Every structure is written in structure tokens, then in C-alpha cells.
Amino acid sequence: MHVKTIKSLAVIIAALGSLSAIPAHAGKTLDGIKARGQLVCGVNVGLPGFSAADSNGKWSGLDVDTCRALAAATLGDADKVKYVPLNTQQRFTALQSGEIDVLARNTTFTLTRDASLGLEQTVATYYDGQGFLVPVKSKLKSAKQLKGQTVCVQAGTTTEKNLTDFSRSNGLNIKTVVFEQLEAAQNAYFSGRCIAYTTDASALASTRNKVAKTPADHVILPEVISKEPLGPMVRRGDDEWFTIVKWTIYGLIEAEEYGITQANVDSLKTTSADPVVKRILGNGEDSGKLLGLDKDWMARAIKATGNYGEIFERNVGPKSALGLPRGVNNQWNNGGLMYAMPIR
């Protein structure tokens, strides 16, 4: 090969290589967040364990912690979040219209939602599945014993469609009683209008603790009839913001894998020799500049909420009010589905 050709190729390769180090433009959503000094996060109107406000108006839950981590990463303060409670019918419109920056509201990722709403699904923060809540006195042990029975369900949800599919495929002729509002469906079940209430299993546990006069009088049947990967969504068309949300969640998951916690994040930032830990905490390669953020973005997020495991245990885990097992929401190397793309 001619010497000039070799030199030209070398210049091109070097130029292409340098592109990877070009800082990212922040994007219009992040620009708006910084301009107002606040992240606007769409959440459930009240689902303990995921997003619920106490008597003082303080929000908590797994989805709320996602919002807090994003605020810490982008604004430097986890408290700079405005929570907008949204019901099932409002949630997508609020995101599409720009009323909120991110929808973190126990929402299932599906093909239809991904392809037809003008929205982007980011990363699953909780792998769920649909179940059934029944009174203990009904003596029902299986969802397949619901033949010809009435089941309360909320309209306009994947839950309603899954129930229809389950009934048809098993020849159960279940009589669905559909309600527009979540509270109406729950109240109908607890008042005895339906023999069962169906939604995501995690929401059933939350509802039983929150609404039932005596939670022990109700049991969740063992069958899980669907896959319900839940996670935040953003508007399509702002790749920079989509990337920030996605990698903040990956960072929380990878922090757990590498033992970075809310308690030790500061010390590890200065003492760890692990290249992965150093990258996550901004003490090695500066990943922040590729996102339009500073080098401490992920360290702040972990400091604010803890890693994914800490978020799970605090809000929905076995020692929380919901008492849910870690199950498939465990780390990939511990039998679960939580597998973060590497920060490098």
C-alpha cells in the first residue's frame, strides 16, 4: 500500500476515534430541567411501595427513588423534584404533552406502547406479573378455580386484556367487572361485589396492606398470568435525555453489583482501586461528559438513594410493609434479571 494512503487512513482512524470523546449536548429536556431548577416526574396517585405521599406530602417509593436519583444526577439535589400524581388515563398524555419530564409510574413496557405513543421505554426497574387477590374465606387456591366467577379490574390497562386472554385460553368464562378508576375497582372487590381483584402482584400486595380492613383476610393466589416489566418512560425524540435516564438506572443496578452503597460511596470514591468502581464514581474515566453531565453524576445519585438493592429493600422488600421477595428482581449473578449494561 502506498505510504500516503497509509498516512491518510491513520488520520481518518484517529479522527473517528476522537469522536467518542466529544462531550454530548445536554438536549432540550435537560435544558428545560436545568432552566426551571426542577425535575417534573409523573407518578402514581398512591401506590405504597412505588409512589405514595404521606400526611405531610412527602413522597416515597421505588418509582419516587428513581426520580430522586435522576434529580441528584442532573441537578445535584435529589429533593428538586415536582411529583405529578397521574391516573391510568392521564399518564401517557401528560408525558406526550410535555407536562412531565419522565413517567415513573409502575407502567408496563409493551410493543404497542413503544411503537404507537411517541414514547420511549427506558429500563425495567421492577419485573412483575399479574395475579389475583381473593378472600381467604372463599377457600380458592388457584386462579383456575375462578370459572364463571366475577373479577374486578381497571379499564384501559394491560391487566384487563390479560384477564380476557387468561379466561379464554383456560375456558373459564370469567365475568369481568370493569371500572374506570382504580379506587372503584378496589372498593368493589372489598365490598364483595367481585370474588377476586386482579392487577400486578406487587400492586395487590400494596392494595391489601393499604385498603383491606384486615389484610390477613385476603390472599394472593399463586398463579402469575403475565409478564409485566415496569419502568420509566420518556418522550421520543430527545435521545440525550433518554440516555441519561437509562444510564442512571443502569448505574444504580451496577452499583449494587460492585458493592457501592449509600453508606460507603464517599469512601470508595477516594479509596477504591477497582477500575469499574472508579468509573461509576467519576474517579476514573469521566462518563458524565458523554451525557452532558459532570463526572460526579452517578456518585450523587447513589448517595441520594442507595443502589438498586437498597431501593428495593427499603420500599418493597421482605422487611418493608409490602414484604415482597427479591425473586426475579435480584441481580443477574444471583438468579435474577437485573443486568446492567456496563458503565465504560
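Student: Let me start with one residue: is Gly 192 buried or exposed?

Tutor: The general idea is a pair of cut-offs: buried means under 20% relative accessible area, exposed means over 50%, and partly exposed lies in between (1.4 Å probe, protein chains only). Gly 192 has 57% relative accessibility, so Gly 192 counts as exposed. This is a predicted model, in which local features need pLDDT of at least 70, side-chain atom pairs count only at pLDDT 80 or more, and totals for chains, interfaces and linings use all residues. Residues are numbered from 1 along each chain as its sequence is written, and side-chain values use heavy atoms, with hydrogens and water left out.

Student: Where is Gly 192 found?

Tutor: Helices (H or I, at least four residues) and strands (E, at least two) are DSSP runs numbered from the N terminus. Gly 192 sits in the loop between H7 and S11. Its C-alpha atom and that of Pro 135 are separated by 9.2 Å, although these residues are 57 apart along the chain.

Student: How many helices and strands does the protein have?

Tutor: You can look for 13 helices and 14 strands.

Student: How do I read the overall size?

Tutor: Use the radius of gyration, taken over C-alpha atoms; the globule rule is 2.2 Å times the number of residues to the power 0.38. For 344 residues, a compact globule would come out near 20 Å, and the protein has 23 Å, which agrees. The C-alpha trace spans about 80 × 45 × 40 Å along its principal axes. Of the 344 residues, 51% are buried.

Student: What about contacts?

Tutor: Contact means heavy atoms within 4.5 Å. Take the contacts in the protein between residues at least 6 apart in sequence: 71% of them join residues at least 24 apart.

Student: Which residues does Leu 47 touch?

Tutor: Leaving out residues up to four places away in sequence, Leu 47 touches Ala 52, Asn 106, Ala 203 and Ser 206. Leu 47 lies in the loop between strand S1 (39–44) and strand S2 (52–53), and its relative accessible area of 5% makes it buried.

Student: Asn 106 is on that list. What is special about its phi?

Tutor: Asn 106 has a positive phi of about 25° although it is not a glycine. You will find Asn 106 in the loop between strand S5 (102–103) and helix H5 (111–116), where it counts as buried at 14% relative accessibility. Asn 173 also has a positive phi, near 50°. Asn 173 is in the loop between H6 and strand S10 (175–179), and it is exposed, with a relative accessible area of 55%.

Student: Ala 203 and Ser 206 were on the list too. Which residues of helix H8 are buried?

Tutor: First, an idea about helices: an α-helix has 3.6 residues a turn, so residues three or four places apart point the same way. In H8 (residues 201–211), the buried residues are Ser 202, Ala 203, Leu 204, Ala 205, Ser 206, Thr 207 and Arg 208. Their cover includes S7, S8, helix H7 (182–190), strand S11 (196–200) and strand S12 (218–220).

Student: How do I read aromatic pairs?

Tutor: A pair of aromatic rings is described by the distance of the centres and the angle of the planes. Rings of Phe, Tyr and Trp (its six-membered ring) pair if their centres lie within 6.5 Å; planes under 30 degrees apart count as stacked, over 60 as edge-to-face and the rest as tilted. A search of the whole structure finds nine such pairs. One of them is Tyr 126 with Phe 312, a stacked pair at 6.0 Å centre to centre and 10° between the planes.

Student: Why does that pair tie together parts that are far along the chain, 186 residues apart in sequence?

Tutor: Because Tyr 126 lies in strand S7 (residues 126–128), while Phe 312 is in helix H13 (residues 308–315). Tyr 126 is buried with a relative accessible area of 6%, and Phe 312 is buried at 0%. For contrast, look at Phe 132 and Phe 166, a tilted pair at 5.7 Å centre to centre with 40° between the planes. Phe 132 is in strand S8 (residues 130–135) and Phe 166 in helix H6 (residues 158–169), so this pair ties together parts 34 residues apart in sequence. Both Phe 132 and Phe 166 are buried.

Student: Which residues do ring pairs link into a cluster?

Tutor: Phe 50, Tyr 126, Tyr 308 and Phe 312.
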